[in-house]
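Here is a short, friendly tour of a protein model, arranged by topic so that you can follow along at the bench. Keep the viewer open and find each residue as it comes up.

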Amino acid sequence: MSSGDNGYGTQFPAASQYVTAVGGTSLAKDSSDRGWSETAWTGAGSGCSAYVTKPAWQTDGGCARRTIADVSAVADPNTGVSVYDSYNSGGWLVFGGTSVSAPVVAGMYALAGNAATVTYGSFAYSHTAALNDVRSGSNGSCGGSYLCTAVAGYDGPTGLGTPIGSGAF
């Protein structure tokens, strides 16, 4: 489920404990072995629910209720995914937003082939080695808290990180 494209602040159904809430990142080409660096996308939704109970598998200490997001994928429209449109516009277009990152993660669940045994967003929390930890960037102003600022480990805008294959799903 998309975390939303309005930056820091919670939205439902992303706040539901019955979904995997997917945040977003921005990509930048670099000289690392991976070839890309990632930062939290400024538009990715995140925060602390005012109403939804924190699931047992979510253990961050700065929010007593459900925290958004669980994981993330590329969402910045400036660094999004390229799509070739042969029907209407006739050419390459770039799309972004958490409307892109959520289907990327849904595809990872499909590739993993174990969706029937996964309980909501819990699986990724016990398979963090299969995720790229995003450690920089922010999606708003919350006093530097992990709820809107990417940090080592779990944070609101990027959750546990971005997929390295399908192992976290």
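In this predicted model, T25 has A40 in β2 as its bridge partner. That pairing belongs to the contact between β1 and β2, two strands that run antiparallel and share five bridges. From there we can go through the sheet, the disulfides, the salt bridges and one residue with a long list of neighbours.

**The sheet**

- Strand β2 covers residues 36–40, and the pairing with β1 is antiparallel.
- β1 and β2 form a hairpin with six residues between the strands, and within this hairpin G35 has a positive phi near 95°.
- β1 also pairs with β5, which spans residues 71–74; these two strands are parallel and are joined by four bridges.
- One place to look for the β1 and β5 pairing is G23, which sits opposite S72 in β5.
- In what order do the strands of the open sheet lie? The order is β2-β1-β5, a sheet of three strands with mixed pairing.
- β2 and β5 are the edge strands: each has a single partner strand, so one side of each lacks a neighbour in the sheet.
- From one strand to the next, the twist averages 40°.

**The disulfides**

- How many disulfides does the structure hold? There are two, and with the bonded cysteines numbered in sequence order the pairing reads 1-2, 3-4.
- As a reminder, a disulfide is a covalent bond between the sulfur atoms of two cysteines.
- One of the links joins C48 and C63, with the sulfur atoms 2.0 Å apart.
- C48 is in strand β3 (residues 47–53), while C63 is in the loop between β3 and β4 (65–68), so this disulfide ties together parts that lie 15 residues apart in sequence.
- The link of C48 and C63 is right-handed, with 85° about the S-S bond.
- Are C48 and C63 buried or exposed? C48 is partly exposed, at 30% relative accessible area, whereas C63 is buried, at 3%.
- C142 and C148 make up another disulfide, and here the sulfur atoms are 2.1 Å apart.
- The link of C142 and C148 is left-handed because the torsion about its S-S bond is about -100°.
- Both C142 and C148 are buried.

**The salt bridges**

- Side chains of opposite charge can pair when their charged atoms come close.
- The model has four salt bridges in total, and three of them are described here, including the one between R34 and E38.
- In the pair of R34 and E38, the closest N and O atoms are 2.9 Å apart.
- E38 is buried, at 11% relative accessibility, and its partner R34 is partly exposed, at 42%.
- R66 and D70 also meet through their side chains in a salt bridge, with an N to O distance of 2.8 Å.
- How buried is this pair? R66 has a relative accessible area of 0% and counts as buried, and D70 likewise has 0% and is buried.
- R135 and D133 form a salt bridge as well, their closest N and O atoms lying 3.1 Å apart.
- R135 is exposed, with 56% relative accessible area, while D133 is partly exposed, with 27%.

**The surroundings of D5**

- Where is D5 found? D5 lies in the segment before β1, a strand that spans residues 22–29.
- D5 is partly exposed, its relative accessible area being 35%.
- Leaving aside residues up to four places away in sequence, D5 touches Q11, W41, G43, G97, T98 and S99.
- With which side chain does the side chain of D5 make a polar contact? The partner is the side chain of T98, at 2.7 Å.
- D5 and G45 are separated by 40 residues in sequence, yet their C-alpha atoms are 5.7 Å apart in space.

Notes. Residues are numbered from 1 along each chain as its sequence is written. This is a predicted model: local features need pLDDT of at least 70, side-chain atom pairs count only at pLDDT 80 or more; totals for chains, interfaces and linings use all residues. Side-chain values use heavy atoms; hydrogens and water are left out. Buried means under 20% relative accessible area, exposed over 50%, partly exposed in between (1.4 Å probe, protein chains only). Contact means heavy atoms within 4.5 Å. A polar contact is a pair of N or O atoms within 3.5 Å; within protein, one must be able to donate a hydrogen and the other to accept it, and residues adjacent in sequence count only if both atoms are side-chain atoms. Two strands pair if DSSP finds at least two bridges between them. Axes are lines fitted to C-alpha atoms, for helices over the stretch in contact, and angles run from 0 to 180 degrees between N-to-C directions. A disulfide is a pair of cysteine sulfur atoms within 2.5 Å.
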